[in-house]
Every structure is written in C-alpha cells, then in structure tokens.
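This report goes through one structure by topic, from annotated domains to single backbone features. The sequence and coordinates come next.

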There are 2 protein chains.
Amino acid sequence: MPNVLISATSMIKIDRYYEYDLMDLATQAVVKLLEKTNENIKPDVVIFSNTYAEKTVSQVSLASKLCNNLGISAMPIRIENGDASGGAAVSTAYYLLKSGEIKSALIVGAEKMGDFPASYLNEIVSENLNEKYQEKVGLTTQSFSAIQMKEYMKKYGVTYDYFAQWPVYMHKYGSENPYAYLKFPVDLKTVKESQLVSDPLRIFDTAARADGASAILMTNEELGKKISENYVKVKAVGFSTSEFRIGEIPSVHGALKTLGDVKADLMEIHDSFSINAALILEEMGYPRGKSLDNLNEIPVNPSGGLKSRGYPGGATGIYQVSEITQQLLGVFPGHRISGNKGLVISTDELGTSAYTILLER
Amino acid sequence: MPNVLISATSMIKIDRYYEYDLMDLATQAVVKLLEKTNENIKPDVVIFSNTYAEKTVSQVSLASKLCNNLGISAMPIRIENGDASGGAAVSTAYYLLKSGEIKSALIVGAEKMGDFPASYLNEIVSENLNEKYQEKVGLTTQSFSAIQMKEYMKKYGVTYDYFAQWPVYMHKYGSENPYAYLKFPVDLKTVKESQLVSDPLRIFDTAARADGASAILMTNEELGKKISENYVKVKAVGFSTSEFRIGEIPSVHGALKTLGDVKADLMEIHDSFSINAALILEEMGYPRGKSLDNLNEIPVNPSGGLKSRGYPGGATGIYQVSEITQQLLGVFPGHRISGNKGLVISTDELGTSAYTILLER
C-alpha cells in the first residue's frame with residue numbers, strides 16, 4: 001500500500017476580498033502552491049472543498065470549473081461535509097492515493113463568506129442543523145451553543161469567565177499569524193464585555209467568518225519526494241458520525257479511536273465556538289470542566305483557530321492541514337510549536353461528524 | 001488490488017413528492033436497498049450524491065445527516081460535480097474500495113426538484129455555467145443548447161425533425177419503466193409542436209426535472225458475494241474535464257479513452273438535451289450528423305433517459321448505475337436489453353466534465 005505524503009501547501013491571508021470571486025481565490029492558492037514544487041504537476045484528481053457556494057456565489061460544478069480554469073484535465077470532485085468538508089476531502093484523497101491507481105491529488109479549500117451580512121451568514125450556517133426538528137423551528141448554531149454552555153456551566157460549576165480564556169489565547173496566537181483575519185490580541189475584559197449573541201454566548205466565542213483559500217498537494221511517496229524535499233507523511237485518518245448531544249461530541253471520540261493511541265505534539269481543532277474547543281479537548285482526554293484553565297499546557301491552535309485566524313467555511317480543514325504541515329516542517333510563519341507528530345480534528349459546526357488526520361514529519 | 005462489486009441497487013419512482021423531504025427520499029431508497037441484502041450491512045463510507053440541496057432544501061452536511069438518520073457511524077461525504085455528481089460519487093467509491101482499507105460504500109443519490117417552478121429551476125441549473133462569462137451575463141443551459149443545435153443543423157444540414165427522434169425513442173422506453181416520471185409515449189408531431197423554449201430548442205428536448213432517490217451498495221469481492229449472489233463487477237472508471245465547445249463534448253472522449261477499447265452491450269447516457277444525446281453518441285464513434293437517425297440500432301437509455309425516466313439532478317448518475325446493474329442481472333422491470341457489459345456516461349449539463357463507468361456481469 002503506497003505511503004501518502006503532503007508535498008506542498010499554500011494559504012492566502014483570510015480576509016474580505018470584495019475584488020475577487022471564489023474561483024479567483026481558489027486559483028491564487030493553487031498558483032502559490034505550484035511555485036513551491038520542483039516539477040510541473042498535473043494532478044490526477046482535483047478536489048474542491050467548499051460548503052456554501054450555492055448560497056454565496058450561486059455556483060455548482062466547482063471542481064470541474066477549477067480544472068478548466070487551471071487548464072488541466074483531472075478527476076473532479078467537490079466534497080461537502082459542512083464545516084468538516086476539509087477533513088472529508090483530505091481523508092478521501094488519502095484513500096484514493098492508497099488505491100495505488102491515483103498518484104496525486106490537488107485539494108483546494110475555498111469559501112467566500114465576507115460579502116454578506118451576519119444575519120444571512122447565520123442563516124446559511126444554520127443549514128448544518130437538521131431541517132425538520134432544528135433549523136425550521138428557528139434554532140441557530142449560536143442558540144445551540146448557548147444551551148451547551150449553560151449545561152456545561154451548571155455541570156462543572158464554572159462561570160462565563162471560564163470560556164473567555166479561549167479567545168484570549170486564540171487572539172494571542174493569531175496576532176502572530178500573517179494569514180490570520182483578526183490579527184490582534186484581546187484581553188479578558190474585552191471578551192467579557194463584548195456583544196452578547198445568545199446568552200451566555202458572546203461575539204468573541206464565535207468563529208470569525210471571512211474569505212479564504214488554501215491548497216495542498218497529496219501524492220504517493222515516490223512522486224512526492226521528486227516534487228519537494230519538504231514533505232510530511234499522512235500516517236492515518238479517522239472518522240465518525242454521531243447525533244448531536246449535550247455536553248459531549250461523541251464523533252470526535254469515535255474518530256480518534258480509529259487512530260489508535262495517538263500522542264500528538266501539536267494540533268489544530270475546529271473551535272466554531274469556545275464551548276466546542278472545550279468539548280473537543282475533553283474528548284481527547286483533557287480533564288472535563290477544566291480544559292480551558294490549562295491552555296498554557298495544551299499545544300492547540302497555534303494558528304489562532306477559527307476565533308482569530310478566521311473561519312472560511314468549508315476551506316477551514318484545508319487551512320488546518322496546511323498549518324500543521326508547515327509547523328512540522330518548521331516553516332509556519334506564526335507562533336511555532338515544535339514536534340514530529342501533528343493532529344487535525346475537523347468537525348462540523350456542532351460535531352455531528354468528525355475527521356481526524358495524523359501527520360508526521 | 002481488490003475487485004469492486006455492486007452488490008445491491010434500489011430506486012424509487014421519479015415523481016413529485018410534496019409529502020416527503022430530501023432525507024425522507026434518501027432514507028426510502030436505503031430501506032429498499034437493505035431489503036435486498038442477505039446481511040445486516042454497516043457501510044464504512046456513506047456518500048451522498050446531490051447537486052442542488054442548498055438552493056432547494058437549505059441543507060448542508062447531507063451525508064452526516066443521512067448517517068445519523070440511519071443510526072450508523074461511517075465516513076460521511078457529499079459529492080457534487082453538477083449533473084455528473086453520480087458518476088463522480090461512484091468513481092470515488094471505486095478508488096476508495098481499491099485501497100483495500102474501505103470494504104463497503106453506500107452511495108445514495110437524492111434530489112428534490114419537483115417543489116419549484118421552472119423559472120427557479122432554470123436559475124439553479126444555470127449555476128452549472130461559468131459565473132463571470134456565462135451565468136451572470138444571462139445565459140441559461142437552454143440558450144447554450146439552442147446555440148449547439150443551430151450550429152449542428154448548419155454543419156450537418158439537418159432540420160429540427162432530426163432532434164425530435166430522440167424524445168420519441170426515450171418516451172417509448174420510459175413508458176415501460178415503472179420508475180419513470182413521464183411514463184407515456186409521444187409521437188413526432190407532439191414533439192415538433194411542443195412549446196418552444198429557446199429557438200430551436202423545444203420543451204421535449206429538455207430533461208424532465210423531478211424528485212428522486214436511488215441507492216447502490218459497492219463492496220469488495222469477498223464481502224459482496226456474502227451480501228448477494230446478484231452482483232455486477234465495476235471493471236473500470238474513466239474521467240475527464242474540458243472547456244465547453246461548440247459541436248463537441250471533448251470530456252466524454254477523454255473519459256472513454258481511459259477505459260481502453262470498450263465494446264459495451266448497452267448504455268445509459270446523460271441526455272440533458274436531445275443535442276447532448278447526439279453529441280455524446282458521436283463522441284463514442286457513431287456517425288456524426290447521423291446518430292439520431294439510427295436509434296433503432298443503438299442500445300442506449302432503455303430507462304427512457306432524462307427525457308422520460310426523468311432528471312433528479314445529482315441523483316441521475318446513481319439511477320443510471322442502478323439501471324445498468326439491473327439490466328445486466330436481467331431484473332430491470334422496464335425495456336430490456338441483454339448483454340454482459342454495460343456503460344454509464346455521466347456528464348454535467350453541458351459536458352465540461354465526464355465520468356465513464358464500465359460494469360460487467
């Protein structure tokens with residue numbers, strides 16, 4: 001079975017790009033990636049990781065269009081799994097390459113969210129919720145998370161201050177990341193006094209939505225080593241689905257279990273809300289009700305996370321994989337964490353599905 | 001490398017289901033499929049093939065939601081490649097199974113188009129067009145096809161009557177298919193006098209949009225033979241992308257070439273418009289400018305095609321694979337064509353990408 005490598009990565013700064021459309025952003029990420037490769041790559045597969053294009057840019061057939069934009073013929077697929085689209089795309093590419101029949105896969109995550117008011121984005125992000133019993137009765141992902149927070153506070157006897165620690169750490173890291181959207185530090189007071197969204201959830205507990213594009217090139221070992229000396233191995237992927245549950249994210253637990261006994265040196269997790277960061281860390285074994293009190297000891301989200309680096313919808317997982325790859329290679333331009341094993345946990349907005357990706361130098 | 005089988009298939013009648021939502025239809029197709037298997041299947045992967053859900057039912061995370069609806073944990077991915085989503089989904093599953101690490105994949109194609117007026121559907125189907133230079137300047141897939149028809153008529157010296165032969169054949173076959181949406185025959189006169197959509201394109205030259213769901217179970221050989229004695233082999237898949245071109249569909253040619261020298265006994269092709277049927281047949285080697293004059297000799301679309309069986313968006317390719325499988329097994333309940341090798345050609349609305357799937361008894 002062929003080993004699978006990540007041979008090149010690229011990111012553009014997450015921001016609001018009124019002057020570029022979705023395909024422009026995707027193409028920019030690919031051009032940046034190709035500059036880093038030794039050979040002229042014609043990928044066998046082009047995967048477009050995106051969640052909201054129909055509602056934001058009124059476009060389908062995203063992967064075919066990208067192929068035609070790039071002037072290449074390939075196997076085109078667009079993969080959508082809510083906010084976990086990136087994890088789904090990388091895991092799919094992993095197995096495609098394991099077949100031995102596919103030698104290279106270009107995976108581009110791109111999303112265009114910055115052109116729209118928050119009310120519209122709240123609506124489209126709430127499409128992650130179940131139609132009949134959640135979305136159509138008026139729930140949003142924010143109100144769901146507020147319920148999660150209240151239950152957590154009651155169960156573990158913590159106050160809102162507990163959650164406010166997460167955005168402080170994320171903005172500290174994000175302020176060092178040249179690709180981050182909200183590139184500034186915040187203090188506890190600012191977080192605690194920020195706009196209330198759905199009591200007790202505040203604006204700083206939510207992901208910063210914006211435009212972004214990131215690309216990675218996954219190859220078999222032989223081809224990958226020709227393309228670049230700077231590669232990491234994709235050691236394993238895991239996945240799981242589960243119903244939404246109060247106080248737990250069982251899908252994360254399930255997806256981790258398939259990796260075996262993992263000891264990663266650093267990780268990127270999907271902090272769509274501060275509460276989700278706590279719940280994901282606690283599914284990993286950090287002490288329940290206390291994980292956010294010990295962030296100085298946990299090597300998590302040196303990018304600044306969705307809070308500060310920003311949240312470009314279905315491109316998020318591709319950013320996470322790019323970031324961990326660059327960390328392991330020692331070339332990430334922001335806050336550095338050294339190590340040989342990195343983990344990406346890509347979940348959807350409420351954790352009804354999870355993908356885990358283990359990378360090794 | 002493991003052999004890949006299709007171990008079970010199911011379809012629901014294509015129709016307007018005002019009483020069921022997208023997940024209801026998808027779930028019905030899965031329940032019907034599970035009734036045909038010997039064992040209680042827990043698929044490793046669940047692929048949801050769909051193109052327009054964001055615009056029709058305001059939902060994302062389709063595959064995760066289906067997993068949770070079915071009460072299973074699996075690797076969830078939703079695959080979108082315009083109208084070729086089904087071909088993309090089956091090809092992806094083929095390579096996933098070739099990896100040896102994935103043993104079974106449940107692929108569900110489902111789409112909900114019947115609740116909407118034609119004007120809205122025209123708009124969302126036109127999202128298949130390129131944003132900047134096609135869709136946003138007001139082109140629709142219908143006007144594009146009308147241009148194709150005019151060029152074809154000029155080049156080969158044929159009249160509109162030439163194209164009208166296609167719907168007549170499709171409705172003849174469709175009237176025998178219990179799963180078909182427009183289950184009635186039509187004569188040449190009716191087609192020729194039908195509503196003009198975009199001169200010279202008439203309503204009978206266009207696909208009949210409706211709701212549908214079809215499911216297939218793909219497995220490795222060992223597992224597949226336990227599940228059912230009624231299986232077909234997936235011999236090969238091919239794919240290609242190309243720019244839209246007048247008078248040609250280069251992607252079909254490219255996708256066929258990767259299969260080698262194929263002699264199929266029967267096939268299902270994506271006749272989004274009568275002109276597309278002609279162009280696809282001609283990319284396969286049938287005489288240019290004459291293919292539709294010889295439909296009695298071409299074993300194509302015994303289902304009735306998109307014209308008569310109906311066009312459930314991104315579920316179409318899964319119907320095609322189900323139909324060819326049932327034909328090869330001799331159990332298709334409509335017009336029968338006997339043979340051992342069957343071919344599915346799954347293209348997007350205008351043929352900018354194509355997937356070919358070769359099945360063998």
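How much helix and how much strand does the chain have over residues 8-194 of chain A, and how far apart are the end C-alpha atoms?

## Annotated domains

The model is predicted. Over residues 8-194 of chain A, the chain is 45% helix and 12% strand, and the C-alpha atoms at the two ends are 39 Å apart. This is the range that UniProt, in an unreviewed entry, lists for chain A as "domain: Thiolase N-terminal".

The unreviewed UniProt entry also lists "domain: Thiolase C-terminal", at residues 263-361 of chain A. Helix makes up 27% and strand 19% of the chain over residues 263-361 of chain A, with 14 Å between the end C-alpha atoms.

## Relation of the two chains

A turn of 180 degrees, with a shift of 0.0 Å along the axis, lays chain A on chain B with an RMSD of 0.0 Å. The two copies are thus related as by a two-fold rotation axis. Which residue of chain A comes closest to the rotation axis? That residue is Ser99(A), whose C-alpha lies 1.9 Å from the axis.

Of the interface residues of chain A, 100% are also interface residues in chain B, so the copies meet through the same surface.

## Salt bridges

Over all chains, the count comes to 36 salt bridges. One of the pairs joins Arg78(B) and Glu54(A), with 3.9 Å between the closest N and O atoms. This pair crosses between chains: Arg78(B) is in strand E3 (residues 75-80) of chain B, and Glu54(A) is in helix H2 (residues 53-56) of chain A.

## Packing of H6 and H7

Two packed helices are described by the angle between their axes and the distance between the axes. In chain A, the axes of helix H6 (residues 141-156) and helix H7 (residues 160-174) come within 10 Å and cross at roughly 120 degrees. Angles of 65 to 115 degrees count as roughly perpendicular and those over 145 as roughly antiparallel; H6(A) and H7(A) are therefore oblique to each other. From H6(A), the contact is made by Met149(A), Tyr152(A) and Met153(A), and from H7(A) by Tyr160(A), Tyr162(A) and Phe163(A). By class, this contact of H6(A) with H7(A) has 6 nonpolar residues, no polar residues and no charged residues.

In chain B, helix H6 (residues 141-156) and helix H7 (residues 160-174) have axes that come within 10 Å and cross at roughly 120 degrees. H6(B) and H7(B) are therefore oblique to each other. Met149(B), Tyr152(B) and Met153(B) of H6(B) make the contact with Tyr160(B), Tyr162(B) and Phe163(B) of H7(B). The contact of H6(B) with H7(B) has 6 nonpolar, no polar and no charged residues.

## Backbone exceptions

Most residues other than glycine have a negative phi, and most peptide bonds are trans. Where in chain A does Ser61(A) have its place? Ser61(A) is in the loop between H2 and helix H3 (62-70) of chain A. Although Ser61(A) is not a glycine, its phi is positive, at about 60 degrees.

The peptide bond from Asp199(A) to Pro200(A) is cis, with omega near 5 degrees. Pro200(A) lies in the loop between strand E5 (196-198) and strand E6 (201-202) of chain A. In chain B, the bond from Asp199(B) to Pro200(B) is cis, with omega near 5 degrees, and Pro200(B) lies in the loop between strand E5 (196-198) and strand E6 (201-202) of chain B.

Notes. Residues are numbered from 1 along each chain as its sequence is written. Chains are lettered from A and ligands numbered from 1 in the order in which they are written. This is a predicted model: local features need pLDDT of at least 70, side-chain atom pairs count only at pLDDT 80 or more; totals for chains, interfaces and linings use all residues. Side-chain values use heavy atoms; hydrogens and water are left out. UniProt positions are given in the numbering used here, feature names are shortened, and annotations may be inferred rather than shown by experiment. Helices (H or I, at least four residues) and strands (E, at least two) are DSSP runs, numbered from the N terminus. Copies are superposed by least squares on the C-alpha atoms of residues with pLDDT of at least 70 in both. Contact means heavy atoms within 4.5 Å. Axes are lines fitted to C-alpha atoms, for helices over the stretch in contact, and angles run from 0 to 180 degrees between N-to-C directions. Angles under 35 degrees count as roughly parallel, over 145 as roughly antiparallel, 65 to 115 as roughly perpendicular and the rest as oblique. Ala, Val, Leu, Ile, Met, Phe, Trp, Tyr, Cys and Pro count as nonpolar, Asp, Glu, Lys and Arg as charged, and the others, Gly among them, as polar. A salt bridge is a side-chain nitrogen of Lys or Arg within 4 Å of a carboxyl oxygen of Asp or Glu.
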